[in-house]
Amino acid sequence: MTTSPSLATDLVPLAAPAPWLSERAPVSIIILTHNEQADLPACLAAVGWSDDVHVLDSGSTDQTEAIARAHGARVWLNPFVSFGQQRNFALDELALRHEWVLFLDADEVATPAFARAVRTAVATAPAEVAGYYCCWKMMLEGRWLRRCDNFPKWQFRLLRRSRARFTDFGHGQKEGEVQGRIDYLPEPYLHFGFSKGWTHWLARHNRYSSLEAAARLHQRPPLRDVLSAHASRRNPALKSWLSRLPGWPLLRFVQTYVASGGFLEGIPGFIYCTNMAYYEFLIQIKMREIGLRAASPPHSTGGPA
């Protein structure tokens with residue numbers, strides 16, 4: 001059950017617009033947080049081109065809220081249930097100034113080129129466009145893992161707030177009910193998914209793998225989506241169907257590290273491909289575990305007949 005949002009006080013003005021963007025874009029930015037004091041400063045420093053920045057926190061115990069306030073963002077609180085629910089809560093309950101909304105995570109940074117692309121997109125979007133899929137550059141040890149991460153990967157992040165909703169899918173979310181067309185914004189932002197270290201990444205992805213396993217079993221996209229021309233539909237379908245193949249984690253490693261040229265991205269590429277194969281292995285064995293539980297009869301509690 002969600003609660004009414006609470007707005008932090010003692011706000012300070014947002015920083016002046018960045019020199020590479022003389023006017024602020026009519027876009028409200030929402031950043032979901034929980035204990036993000038390490039990553040949040042860089043994320044907030046890169047969104048000075050918006051005059052309406054919101055941080056929706058789910059109960060941080062570090063300096064996340066203080067950092068957000070110091071950067072002039074409005075801070076709201078809501079218990080976290082799921083990514084889809086949290087994003088819908090933000091659309092419904094936050095006092096957003098603009099029709100267009102951009103969602104970012106605290107470990108993501110909007111580059112000047114991405115900001116310009118967002119500004120152009122919202123200024124020129126036809127009436128039938130409800131939003132845009134966005135993509136990222138996965139960064140590890142200062143290197144863009146273009147080959148290892150199968151760039152581009154797409155997520156629904158920029159939208160007209162009255163025209164789209166989110167739904168949970170796996171460990172994350174995807175677009176739910178959408179009134180209109182979703183286009184693609186090809187200019188990427190930066191994603192520092194390993195900024196908290198591998199111990200944190202592994203613990204988080206152990207949790208994520210349980211959600212992914214259930215989604216790939218029970219929310220599997222139709223087989224026809226495997227042949228879709230749209231990567232936003234094709235990639236989830238491919239993962240759901242390929243997860244059933246024996247040896248899929250090894251195939252995932254071979255595809256990214258060898259076939260896609262991940263070996264050209266040095267040690268960071270090898271580390272990333274190895275850990276993503278391990279993540280797929282966790283998903284696969286948890287899918288098997290779910291299947292075995294469903295097939296097993298309940299334990300008898302009575303004595304012998």
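Helix α8 (residues 266-295) is a good place to start, since α8 gives the most to a nonpolar patch on the surface, with 3 residues. Keep in mind that you're looking at a predicted model. Below, we go from that patch to a long-range look at one helix, then to a pair of strands, and finally to the salt bridges.

**The nonpolar patch**
- Four residues make this patch: L202, Y278, F281 and I285, covering about 350 Å² of surface.
- Pick out F281 and you'll find it in helix α8.
- How buried or exposed is F281? With a relative accessibility of 39%, F281 counts as partly exposed, because buried means under 20% and exposed means over 50%.

**Helix α5**
- Helix α5 runs through residues 198-218, which makes 21 residues.
- From its first C-alpha to its last, α5 reaches 29 Å, close to the 30 Å expected at 1.5 Å a residue.
- Plenty of side chains to look for here: the buried residues of α5 include W201, R204, H205, Y208 and S209.
- E212 and R216 are buried too, and they form a salt bridge with each other, with the closest N and O atoms 3.3 Å apart.
- Along helix α5, E212 and R216 sit 4 residues apart, which is about one turn of the helix.

**Strands β2 and β3**
- Strand β2 (residues 53-57) pairs with strand β3 (residues 74-77) in the parallel sense, over 4 bridges.
- To get from β2 to β3, the chain passes through helix α2 (residues 64-70), and this β-α-β crossover is right-handed.
- Want a landmark in the pairing? V55 stands opposite V75 in β3.

**Salt bridges**
- Side chains with opposite charges can pair when their charged atoms come close.
- How many salt bridges are there? The count comes to 17.
- One of them joins D52 to R74, where the closest N and O atoms are 2.4 Å apart.
- D52 is in the loop between α1 (40-45) and β2, while R74 is in strand β3, so this pair ties together parts that are 22 residues apart in sequence.
- Both partners are tucked away: D52 is buried at a relative accessible area of 1%, and R74 counts as buried at 18%.
- Over in helix α2, E65 and R69 lie 4 residues apart, about one turn of the helix, and their side chains meet in a salt bridge of 3.7 Å, N to O.
- R69 is partly exposed, with a relative accessible area of 21%.
- Salt bridges also link R87, D105, E108 and R157 into a network.

Conventions:
Residues are numbered from 1 along each chain as its sequence is written. This is a predicted model: local features need pLDDT of at least 70, side-chain atom pairs count only at pLDDT 80 or more; totals for chains, interfaces and linings use all residues. Side-chain values use heavy atoms; hydrogens and water are left out. Helices (H or I, at least four residues) and strands (E, at least two) are DSSP runs, numbered from the N terminus. The expected span of a helix is 1.5 Å times one less than its number of residues. Buried means under 20% relative accessible area, exposed over 50%, partly exposed in between (1.4 Å probe, protein chains only). Patches are made of residues with over 30% relative accessible area and no salt bridge: like charges are joined within 9 Å, nonpolar side chains (Val, Leu, Ile, Met, Phe, Trp, Tyr) within 5 Å. Accessible areas come from the Shrake-Rupley method with a 1.4 Å probe; for residues, only the protein chains shown count as cover. Two strands pair if DSSP finds at least two bridges between them. A crossover is right-handed if, with the strands pointing away from the viewer, the path from the first strand over the helix to the second runs clockwise.
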